[in-house]
Amino acid sequence: MLDNILLGFQSFITLQNLFLIGLGTFSGIIIGALPGLSTTMGIALFVPLTFSMDPLSGLCMLGGLYGGSVYGGSISATLLRTPGTAASCATVLDGYEMTKNGEGAKALGVGLISSFIGGIFSTIILISIAPPLAKIALSFGSPEYFMVALFGLTIIISLSNKQNLLKGIFSGALGVFISTIGVDVIEAFPRFTFGNINLFDGISLIPALIGLFSFAQVLRLVAQNSSEQEQINDQSISGKILPSMQELSSMKKTLLRSSLIGTIVGIVPGAGADIASFIGYSEAKRNSKNGDSFGTGIPEGVAASEACNNAVVGGSLVPLLTLGVPGNSASAVLLGGLLIHGLAPGPLLFTRTPHIVYGFFLSLFVANIFMLIFGLLGLKVFPQVLKVPKNILIPGIVILSVTGSFSIQNSFMDVYLMLFFGVLGYILEKYEYPIAPIVLGLILGPMAENALWQTLIISRGSYLIFFSRPISLFLFALSVASLIYAVRTNLKS
Amino acid sequence: MKINLKFGVPILFLIVEIFFFWMTFSYPAIPAFVPRRLLVFLFVVTLWIAYREWNADKREIVSFNVEFISTLVLSLVYVVLINYVGYVISSALYMFALMVLLGSRKLFMPFVISTGFSVILFLLFTKILTVPLPHLIRGTLL
């Protein structure tokens, strides 16, 4: 393996590749920060640009874009309560609260360092144990996916605070129910579409996210008094930017745990950075001495989410490169990029073109370093958006939200849905219903239902299959334990 | 007159849930399987919340300020208008109107900022990110 690493190093370390990694990372950060433009869309937009490049150069640029965009989502999540990508939803929970507490710059700094650590960690895992890990991932079938979704849904309890546990469960169930809108997976029967063909594909996740977080936030900004907004404007920009070594040291367990969770979730095909960040956040909250403070604006909450979602990047490349099975939608588009360059993922990729594979791995290290540099340079600049007066910021956010929602499918239905979810999110938050569980329900609902039906078809209607497979049984036990622990903790208080 | 608005929200959801449950009776068994069970679960949880909120503090009728209602209405009008006058013009008009509504006294700066912002965003999405946006006149900025 050392020979291959040296070979890869020699292949990728050219000025052109370094420039392309930097360009990809910078573009990724911008794309990630803009609500409505997802990581997947960013990679899809840039794949055609790689046609004229050699395969390794193209991969270097796309890898940089991948990591940069996942980090970029945290910028708008922290400063504007608008996750730039679905992976940064969990970052909003503490990131925006830190901004309200006058620590917006520090939240960005923590997010950056955590993203860097998560990215480097998963890249190391990718290089060292890709093939054996991929074999475990491949043994995941529909029963296991159902259990992963079930485990994810138990996180809803830990996302709800003690006073609003019931409302948190309501929000989660509402999110899962909303995800049933559209044609069902078995009989293609339209459910709750009211004859509207635009709803046949269901509710698109990104417009719902933008509405729940971004447009709802606009309505709150308009409804709140101006002094609160001025307070945010004045404080956040002059605060400390980077966490101290002592603060980082106090979060080291969280960073390690979140990086590990993100890498593992990334390796499992079908589970993306959005699920990973919630799982990482929830586990950090459960295991932290300051668990009760999560959601009030503490750096550990931001660190957990950001380390996790960036760790997914390396993890998702494991099944992609070793087996040709994409870990998530972003790596599915990367697969397209590989195929365009005549590279077929699989074991032969490692033996026939080791210089490309290991060159790509090493370029991910450099991409993370570029992300750190650009992020550090931007830390003083990004919070300037908070100085923008409310009467400019509000219409700006709405226009960006409308544009972002429209650009997903070039559909005005998505824009109307965004407005609807915005009003819904505003009303729910006003009466103390948490929003994050709705998002989790929207993400996990389709995964759970599809996996359930596939499993029941395989088992001819028997539910015993869930308990006869070791990984599925393990995940079920984990879900039950998670549920019991969370309910007990909430009831005790 | 004081109205318990907190109680009103779960009641509204209960009505919606009953309506959707009624819809599932016209669905075949398999498509209706998951939504029906979810709606029953939601109904129980919502009922429980309604019971708890019944004893919540009574509130006066909340009056939404003019800015709030106007923002909502203008946002809807903006989205409808994009289809008729294109992205740039509708975005510039929307931003100008909202800036004035939210407190800008002078008209020149809102005009400049709204026009510049709309044009820049349009160019960013259409030329650099190659994401098509509605035009009034094809091949132009408008």
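**Notes on chain A**

1. Let's start with a helix that hides well: α8(A) is mostly covered, since buried residues make up 13 of its 14. Helix α8 runs over residues 165-178 of chain A. From its first C-alpha to its last it reaches 20 Å, close to the 20 Å expected at 1.5 Å a residue. Keep in mind that you are looking at a predicted model.

2. Now step back to the whole chain. How many helices and strands are there in chain A? There are 22 helices and two strands. The radius of gyration of chain A is 22 Å, and the globule rule gives 23 Å for 493 residues; these are close, so chain A is as compact as a globular protein of that length. If you'd like a feel for the dimensions, the C-alpha trace spans about 60 × 60 × 45 Å along its principal axes.

3. Next, the inside and the outside. Of the 493 residues in chain A, 65% count as buried. The accessible surface comes to about 17,600 Å², and carbon and sulfur atoms account for 67% of that. As for charge, chain A carries 24 positive and 22 negative side chains, with the centres of the two sets 7 Å apart.

4. Who touches whom along the sequence? Take the contacts in chain A between residues at least 6 apart in sequence: 78% of them join residues at least 24 apart. The next point has an example you can find in the structure.

5. Have a look at I29(A), which sits in helix α2, residues 15-33 of chain A. Is I29(A) buried or exposed? Its relative accessible area is 5%, and buried means under 20%, so I29(A) is buried. In sequence, I29(A) and M371(A) are 342 residues apart, yet their C-alpha atoms are 7.9 Å apart in space. M371(A) is also one of the contacts of I29(A), leaving aside neighbours within four places in sequence. The others in that list are G68(A), S69(A), Y71(A), G72(A), I75(A), F374(A) and F382(A).

6. Last stop: S74(A), in helix α4, which covers residues 55-80 of chain A. With a relative accessible area of 2%, S74(A) is buried too. Which residues does S74(A) touch, not counting those up to four places away in sequence? They are S88(A), T91(A), L108(A) and E306(A).

7. One tip for reading helices such as these. An α-helix has 3.6 residues a turn, so residues three or four places apart point the same way.

Methods. Residues numbered from 1 in each chain as written. Chains lettered and ligands numbered in written order. Predicted model: local features only at pLDDT ≥ 70, side-chain atom pairs only at ≥ 80, totals over all residues. Heavy atoms only, no water. Helix = DSSP H or I, 4+ residues; strand = E, 2+ residues; numbered from the N terminus. Rg over C-alpha atoms; globule rule 2.2 N^0.38 Å. Buried < 20%, exposed > 50% of the residue type's maximum accessible area, 1.4 Å probe, protein only. Contact = heavy atoms within 4.5 Å. Areas by Shrake-Rupley, 256 points an atom, 1.4 Å probe, with all protein chains shown as cover. Lys, Arg positive; Asp, Glu negative; His and termini not counted. Charge placed at Lys NZ, Arg CZ, Asp CG, Glu CD. Expected span 1.5 Å × (residues − 1).
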